[in-house]
Amino acid sequence: MPSATARPDEPAAGTPRGPAAVPTHCPYCALQCGMGLRPTPGGPAVVEVVERADFPVNRGALCGKGRSAPAVLSSRVRLTEPLVRRRATGRLEPAGWDEALGLVADGLRRTRTAHGADAVGVFGGGGLTNEKAYALGKFARVVLGTSQIDYNGRFCMSSAATAHQRAFGLDRGLPFPLEDVGRTGCLILVGSNIAETMPPALRHLTALRENGGRLIVVDPRRTRTAEQADLHLAPRPGTDLALALGMLQILVAEGRTDDAFIAARTSGWEEARAAAMAHWPELVERITGVPLPQLRSAVSMFGDAESAMVLTARGPEQHSKGTDTVGAWINLCLAAGRAGRPFSGYGCLTGQGNGQGGREHGQKADQLPGYRKITDPAARRHVAGVWGVGPDTLPGPGRSAYELLDALGGEVRSLLLMGSNPVVSAPRAAHVEGRIRSLDFLAVADVVLSETAALADVVLPVTQWAEETGTTTSLEGRVLLRRAAVRAPAGVRSDLDVLHGLAGLLGHEKGFPTEPEEVFDELRRASAGGPADYAGISYRRIAEADGVFWPCPDPAHPGTPRLFLDRFATDDGRARFVPVSHRPSAEEPDAQYPVFLTTGRVVSQYQSGAQTRRVDELNAAAPGPFVELHPRLADRIGVVEGQRLAVVSRRGRAVAPARITRAIRPDTVFMPFHWPGAGRANTVTNPALDPASRMPEFKVCAVRVEAAPDI
């Protein structure tokens, strides 16, 4: 498989200058790092990556995934023609586009006719551009008439999004530009290992230290990020909620609350205060395992700083109590007056490339474009008017992501899936794989033949970031423009082309344009007046400003880099405290399963690995799964470095080599989740759902760990 490396933006002296680099953004995480792409006809890769030092998020810095992204453009690793499963052989074999689209339309129509519209499901992805996410949601509701649509972003930011809406009335990952992080007085980073998940963002932690700021990292592992902290708190997995409540209790007891801010700009304080005061420090020390002196030091650092932030990632969010956990950290910010002010506030480090935009424009089960609620009559009227349909024809809310996957083969009989790989990425993955296999019909549109695509009846090859133009919305709420730099192979079409073709075959010849800018202009109209208002954003404005922050309600509006400085987005303009109390995880260790499992990412792979596992450079750095465990646990079960280790839960078993380190708690093991097969970490994880966000509990479950026989 190919590899690709970045080259300097300027050729060496005496070297002929090649074609100009096309300014664009990385296809991977929500930083959406700026990069340039220069076509290289006849070269080892279709394009080469060049630096863009002018983009403020990364200033030219790129991780290995971004530098090597062109490798996946190679026809040797990506799909280049439709595939159809032939009855005679049971295998996926090449087919023409007319046949493939016809089979998809027939499969969806057949299910709808026999079992009703809600027997057809649609599953999207957080990597789809805004245009694709918008069109997919419209296709599900207008063409298919189904309520059964959700996307893999539900597994990413949904708990933080729900907590954001409860407290502030609006969900945008960061309410300020990422550059503000380097200017705050104290940063609490909860459950985020950005040194591996977002390496270019480390420059902002460097700026923080250079400006005299303090860094507190909360993580059960001593990660590369935790090594840079002034204070590292290592709680037991599943106890971040108790930790935040304990810090709030100390803040109150030590008289560090900002009573003037609380009175002027918040509501609900007395109830939240009473709930927090039940979590006295000694109790929190017992629950979390964090020593009391460290708790007090953290509160002092946070409370003494003139400005402060809390940023969370999947660590505290992917829990059956993730919404309440994030809410507790927000309460801490509000009580200290560290919100709605310059260089202060709570933010979520959104994970997927378009995780922010993907949850704003209609591919979530309960939403319409502009972050409107699908149950709101006014929202339904507005969006139906843009779509040219009656409000009563729009379906209501459907199942959340895991609940949709769990219903496959039962109430949901056919599925159209775009840009996701749940066979690897879903919790209780063996069960989900079984549900997918039980479908009457599965169609997948993707760049590569992922583990999920390999189970499909029809696979549709679609374009990648370098081959198409479209917008994404970064973790900052900055709407960005990716630009096409090269042509896709002849047998590949865009997702917009796919939806246009299917809509036509299903009786909707109009309403699904294939030009991204035309789709974006319709999205602007649909979002107008909604919480995520893009009405004033155009391709031209994005290009001229290198991004526009939403909300931006009209062309004269400058955009909103910093939210909440004057008022919060609630009806009364006040942020809302929400009273929360600690509760155990859905599954705690016991005699049979005595160890915690937590999961996460490594620097050289991304999400389910469907693309990064096809790049030699990345595989050389991260060739496969592993089980990280403490030497005391290794001694107890009698394993040595590199020995095959089985991690067993009530849902299944994953096997991978042991990696022994003192950087993890003795009661906890860690597995990365990028690989399929025997080392698939999500075979083991728990699908217990947060009651508000419907987020599964990826980050903690009870397991036993034992030596596995050699193959």
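**Exercise 1. The lining of the largest pocket**

Task: In this predicted model, find which element gives the largest share of the lining of the largest pocket.

Solution:
- Start with the elements that supply at least two residues each: these are helix H4 (158-168) and strand E15 (372-373).
- Now pick out the top contributor. H4 provides the largest share, three residues.
- Put that in context: the lining has 24 residues, and Gln-165, Gln-367, Tyr-371, Arg-372 and Lys-373 lie nearest the pocket's centre.
- Sort the lining by class and you get seven nonpolar, nine polar and eight charged residues.
- As for room inside, the volume of this pocket is about 500 Å³.

**Exercise 2. A residue at the pocket with an unusual backbone angle**

Task: Work out where Tyr-371 lies, what its phi is, and whether it is buried or exposed.

Solution:
- Locate it: Tyr-371 sits in the loop between strand E14 (367-368) and E15.
- Read the angle: phi of Tyr-371 is near 65 degrees, so we have a positive value in a residue that isn't glycine.
- Here's why that deserves a second look: most residues other than glycine have a negative phi.
- Check the surface: buried means under 20% relative accessible area. Tyr-371 has 5%, so it counts as buried.
- Link back to Exercise 1: Tyr-371 is one of the residues nearest the centre of the largest pocket.

**Exercise 3. Now try the second pocket**

Task: Describe the lining of the second largest pocket by its residues, its classes and its main contributor.

Solution:
- Residues: 24 of them line this pocket, with Glu-196, Val-602, Phe-626, Glu-628 and Arg-659 lying nearest its centre.
- Classes: 12 are nonpolar, four are polar and eight are charged.
- Main contributor: strand E26 (residues 653-660) gives the most, with three residues.
- Volume: about 360 Å³ for the second largest pocket.

**Exercise 4. Does a helix have the length you'd expect?**

Task: Compare the spans of H2 and H3 with what 1.5 Å a residue predicts, then look at burial and at what follows each helix.

Solution:
- Take helix H2 (residues 97-115). With 19 residues at 1.5 Å a residue, it should span 27 Å, and its end C-alpha atoms are 27 Å apart, so the two agree.
- Next, helix H3 (residues 130-144). Its 15 residues reach 20 Å from first C-alpha to last, close to the expected 21 Å.
- Burial in H2: the buried residues include Trp-97, Leu-101, Val-104 and Leu-108.
- Burial in H3: 15 of its 15 residues are buried, so H3 is largely enclosed by the rest of the structure.
- What comes after? H2 is followed by Gly-116, with a positive phi near 100 degrees. Just after H3 comes Gly-145, with a positive phi of about 70 degrees.

**Exercise 5. Sketch a three-strand sheet**

Task: Draw the sheet made of E1, E2 and E3, and decide which strands stand at its edges.

Solution:
- Write down the order: this open sheet runs E1-E2-E3, with antiparallel pairing.
- Find the edges: strand E1 (22-25) and strand E3 (47-51) each have a single partner strand, so one side of each is left without a neighbour in the sheet.
- Add the twist: neighbouring strands are turned by 40 degrees against each other on average, direction ignored.
- Zoom in on one pair: strand E2 (residues 34-39) joins E3 through five bridges. Leu-37 stands opposite Val-49 in E3.

**Exercise 6. The partners of E30**

Task: Name the strands that pair with E30 here, and give a bridge partner in E30 for each.

Solution:
- One partner is strand E23 (residues 595-600), which pairs with strand E30 (residues 701-707) in the antiparallel sense over three bridges. In E30, Val-703 is the bridge partner of Val-595.
- Another is strand E25 (residues 644-648), which is antiparallel to E30 and joined to it by four bridges. Val-647 stands opposite Val-705.

**Exercise 7. Two more backbone oddities**

Task: Say where Gln-607 and Pro-551 lie, and what their backbones do.

Solution:
- Gln-607 is in the loop between E23 and helix H22 (616-621). Its phi is positive, about 50 degrees, although Gln-607 isn't a glycine. With a relative accessible area of 18%, Gln-607 is buried.
- Pro-551 is in the loop between strand E21 (548-549) and strand E22 (575-576). The peptide bond joining Trp-550 and Pro-551 is cis, with omega about 0 degrees.
- To see why the cis bond gets a mention: most peptide bonds are trans.

Conventions:
Residues numbered from 1 in each chain as written. Predicted model: local features only at pLDDT ≥ 70, side-chain atom pairs only at ≥ 80, totals over all residues. Heavy atoms only, no water. 1 Å grid on protein atoms, 1.4 Å probe; cavity = no way out; pocket = protein on both sides within 12 Å on 5 of 7 lines; lining within 4 Å. Points joined across faces, edges and corners; volume = space filled by probe spheres on them. Nonpolar A, V, L, I, M, F, W, Y, C, P; charged D, E, K, R; others polar. Pairing = 2+ DSSP bridges. Expected span 1.5 Å × (residues − 1). Buried < 20%, exposed > 50% of the residue type's maximum accessible area, 1.4 Å probe, protein only. Axes fitted to C-alpha atoms, helices over the stretch in contact; angles between N-to-C directions.
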